[in-house]
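Q: I'd like to learn how to read a two-chain model, starting with a pair of helices. Can you walk me through it?

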Number of protein chains: 2
Amino acid sequence: MTGTNESPTFADMINGTLELVIPIAHTMGVEAVEVRRGFAATTVPAEGNGNHFGVMYSGVLFTVAEILGGAIAVASFDNSRFYPLVKDLQITFKRPAKTEVRAEASLDDAEIERIAEQAAADGKSDFVLDATITDTGGTVVATTRGLYQLRAHRKQEN
Amino acid sequence: MTGTNESPTFADMINGTLELVIPIAHTMGVEAVEVRRGFAATTVPAEGNGNHFGVMYSGVLFTVAEILGGAIAVASFDNSRFYPLVKDLQITFKRPAKTEVRAEASLDDAEIERIAEQAAADGKSDFVLDATITDTGGTVVATTRGLYQLRAHRKQEN
């Protein structure tokens, strides 16, 4: 992007690589809409993502929320040293989703610092991310609690 | 299928309708491989379902296991009266999945009878389904615990 006036945002970076990084999420139409240190929001459309009740399939709701862990890590930690993975995720379905949905989650500064320090010291650090998924009317359709781990890249062998 | 010698199996029925019922699961390549009263097994291929670590994306593992709740309900309950829905699902990732995976779950006869009786009496019945997801080497890559509900169809208004 050298020579342009604006740097790409974290959301641009994620959307530009999602097809390569997690092709099935790209197929669903998952998009990052707002990603910054300590905060991420994603959306996924209703079209093509329904089930036999005419509502969004549970695996699509899982995906739009699960991806927040990766998105928030991209914007909050040193990606040259660390990467995130998901260890466990619980999703609770509250209401049927019949529209596009938006998922969002946040991590506060103290928690970001704790994770970064522990991962630097120990090579890994677990963290919990709570996400809320809402429809376009503002109704919460599902919530998730994910246990993620920030992990140091293996050192290159020389 | 009138006039043929063999009835379609429950797995045939599920595979024949999955593209319509849950298109995104069909896109992933999820298939029912063995479905009978009290038991269901499904598979999904590695191809197209990876993530940035070169392993199967968590949302695909969620889907191949979550679908067992619907599959087992098709083969265990009166589908003209009842349908299943998922209320809550927890998935625990044990090992990276690098091959096709198989998910399976079972319900014993006493539990099937309890669910059917309660749903007939109350219009709904919650049940828990534990599933195991293994790779082609037999390694357990993830486990799930889903809370489902068998619910009576609404009566037609006349």
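A: Sure. Keep in mind that this is a predicted model. As a general idea, two packed helices are described by the angle between their axes and the distance between the axes. Here, α3(A) packs against helix α3 (residues 58–76) of chain B at an angle of about 155°, and their axes are 9 Å apart.

Q: What does that angle say about how α3(A) and α3(B) run relative to each other, parallel or antiparallel?

A: Angles over 145 degrees count as roughly antiparallel, and therefore α3(A) and α3(B) are roughly antiparallel to each other. As for handedness, α3(A) passes α3(B) in a right-handed crossing.

Q: Which residues meet where α3(A) and α3(B) come together?

A: From α3(A) you have S58(A), G59(A), F62(A), T63(A) and E66(A), and they meet S58(B), G59(B), F62(B), T63(B) and E66(B) in α3(B). Sorted by class, that contact has two nonpolar, six polar and two charged residues.

Q: Now zoom out to the chains. How many residues of chain A are in contact with chain B?

A: Count 26 residues of chain A in contact with 26 residues of chain B. On the chain A side, the elements that give two or more residues are α2 (23–28), α3 (58–76) and β3 (82–93). The largest share, eight residues, comes from β3(A). By class, the chain A side divides into 13 nonpolar, ten polar and three charged residues.

Q: So β3(A) deserves a look. How should I read strand pairing?

A: In general, strands of a sheet pair through backbone hydrogen bonds, either parallel or antiparallel. In this model, β3(A) pairs with strand β3 (residues 82–93) of chain B in the antiparallel sense, over five bridges. To follow the register on screen, find I91(A), which stands opposite L89(B) in β3(B). Then go to D88(A), which has T92(B) of β3(B) opposite.

Q: What sheet do the strands form, and in which order?

A: Twelve strands form an open sheet, and the pairing is antiparallel. The order is β1(A)-β2(A)-β4(A)-β5(A)-β6(A)-β3(A)-β3(B)-β6(B)-β5(B)-β4(B)-β2(B)-β1(B). The edge strands are β1 of chain A and β1 (31–36) of chain B, each pairing on one side only. Ignoring direction, neighbouring strands of this sheet are turned by 20° against each other on average.

Q: Let's start from the chain A edge. How many bridges join β1 and β2 of chain A?

A: Five bridges: strand β1 (residues 31–36) and strand β2 (residues 39–44) of chain A pair in the antiparallel sense. R36(A) stands opposite F39(A) in β2(A). The two strands form a hairpin with two residues between them, and G38(A) in the turn has a positive phi of about 80°. Moving along, β2(A) pairs with strand β4 (residues 101–106) of chain A, again antiparallel, over six bridges. There, A40(A) stands opposite A105(A) in β4(A).

Q: Last one: what rotation superposes chain A on chain B?

A: A rotation of 180° does it, with 0.0 Å of shift along its axis and an RMSD of 0.0 Å. That is the relation of a two-fold axis. To locate the axis, look for Q90(A): of the residues of chain A, Q90(A) comes closest to the rotation axis, at 2.0 Å (C-alpha). The same surface serves both copies, with 100% of the contact residues of chain A recurring in chain B.

Technical notes:
Residues are numbered from 1 along each chain as its sequence is written. Chains are lettered from A and ligands numbered from 1 in the order in which they are written. This is a predicted model: local features need pLDDT of at least 70, side-chain atom pairs count only at pLDDT 80 or more; totals for chains, interfaces and linings use all residues. Two residues are in contact if their C-beta atoms, placed from the backbone, lie within 7 Å. Helices (H or I, at least four residues) and strands (E, at least two) are DSSP runs, numbered from the N terminus. Ala, Val, Leu, Ile, Met, Phe, Trp, Tyr, Cys and Pro count as nonpolar, Asp, Glu, Lys and Arg as charged, and the others, Gly among them, as polar. Two strands pair if DSSP finds at least two bridges between them. Axes are lines fitted to C-alpha atoms, for helices over the stretch in contact, and angles run from 0 to 180 degrees between N-to-C directions. Angles under 35 degrees count as roughly parallel, over 145 as roughly antiparallel, 65 to 115 as roughly perpendicular and the rest as oblique. A crossing is left-handed if the near helix is turned anticlockwise from the far one by less than a right angle, and right-handed if clockwise. Copies are superposed by least squares on the C-alpha atoms of residues with pLDDT of at least 70 in both.
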